[in-house]
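Student: Please give me a close look at the largest pocket. Set out the domains and the sheets as well, so that I can place it.

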Amino acid sequence: MAPTLLKVEGLTKRFGDRVAVAGCSLTIAEGEIVVIIGPSGCGKTTFLRCINRLEAPTAGSVVLRDEPIGGQMRDGRWRPFTESELASQRRRIGFVFQRFNLFNHLSALDNVAIGPHRVLGRPLAEARRIAAGQLERVFLAEHLEKRPAQLSGGQQQRVAIARCLAMTPELMLFDEPTSALDPELVGEVLDVMKGLAQERMTMVVVTHEMGFARQVADRVIFMDAGAFIEEAPPEQFFSTPREERTRRFLSRLLR
């Protein structure tokens, strides 16, 4: 059995009186792919952002390979990590957003190389070699010198994925990575993600792409109103969901 990579326990996030995430727990083994689905505004994105501390949870814990993310208990008190310590932890977790967030003045190659060079301290020539390799991995070897404005939305999202991979993350988080794309461009991004799944990259994916979830996920989770309602392997999840809320959601989505 693969060792545990990520353990989330009792994760809660409140914004004032509104509870965005309500005590969610999740354990993921190394090499596992978990897909989270649910209606818009149910807390999926907030849950992902709490994993790598882009949002500070109100309660609960996140542990990556036995190392708590965001802080630790010392002498009976919670000590939050410094921004420098947090940045070091975030390097281990790749995050692909809905929007690509590329530097418009840089080529695809330099958008990917900037992390290894400036964050990991690699010499520029080495960082660019790493970047070229990752861009080839996402089928963009012929577009290294193009700037974002010269690339399609799907190509830009693949650059964003390559940028994460160049940092050699232990875990990849995807927040609806195809939602900002024209329908004809969705497939090229999903193909890259399927390739990562075949390589057994550990991934947590928030998506509305049910075909991807059926084909790639080891587990599918339905989230609603901040809570995990149902969790099952994809065959069981889509054919015989247990919970009425899950059945209603799938009937609307798949009809």
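Tutor: Domain bounds come from an automatic or database domain assignment. On that basis the protein is divided into domain 1 (2-91 + 171-252) and domain 2 (99-168). This is a predicted model, in which local features need pLDDT of at least 70 and side-chain atom pairs count only at pLDDT 80 or more, while totals for chains, interfaces and linings use all residues. Residues are numbered from 1 along each chain as its sequence is written, and side-chain values use heavy atoms, with hydrogens and water left out.

Between the C-alpha centres of domain 1 and domain 2 there are 25 Å. To their contact (heavy atoms within 4.5 Å), domain 1 gives 14 residues and domain 2 gives 17 residues.

Now the pocket (on a 1 Å grid over the protein atoms alone, an open set of points where a 1.4 Å probe fits, with protein on both sides within 12 Å along at least five of seven lines; lining residues have an atom within 4 Å of a point). The largest pocket has a volume (the space filled by probe spheres set on the points) of about 530 Å³. Its lining consists of 17 residues, and those nearest the centre are Arg90, Ile93, Arg163, Cys164 and Met167. Two or more lining residues come from each of α2 (83-90), β8 (93-96), α3 (108-119) and α5 (153-165); helices (H or I, at least four residues) and strands (E, at least two) are DSSP runs. Sorted by class, the lining of the largest pocket holds 10 nonpolar, 4 polar and 3 charged residues, with Asp, Glu, Lys and Arg counted as charged and Gly as polar. Domain 1 and domain 2 each supply at least three residues to this lining.

One of the elements that line the largest pocket, β8, leads to a sheet. That open sheet has 6 strands in the order β8-β9-β10-β3-β11-β12, with mixed pairing (at least two DSSP bridges between two strands). At its edges stand β8 and β12 (227-232), each paired on one side only.

Inside this sheet, β3 (residues 33-37) and β11 (residues 219-224) run parallel and are joined by 4 bridges. Ile36 has Ile221 of β11 as its bridge partner. β11 is also joined to β12, by 5 bridges, and these two strands run antiparallel. In that pairing Phe222 stands opposite Glu230 in β12. The two strands form a hairpin with 2 residues between them, and Ala225 in the turn has a positive phi of about 50 degrees.

A further open sheet contains 4 strands in the order β2-β1-β4-β5, with antiparallel pairing. Its edge strands, β2 (18-29) and β5 (67-68), each pair on one side only. Strand β1 (residues 4-15) runs antiparallel to β2, and 8 bridges join them. Here Phe15 stands opposite Arg18 in β2.

Helix α1 (residues 44-51) lies across strands of both sheets. In the 4-stranded sheet these are β1, β2 and β4 (59-64). In the sheet of 6 strands, α1 lies across β3, β8, β9 (171-175), β10 (203-206), β11 and β12.

Notes:
Axes are lines fitted to C-alpha atoms, for helices over the stretch in contact, and angles run from 0 to 180 degrees between N-to-C directions.
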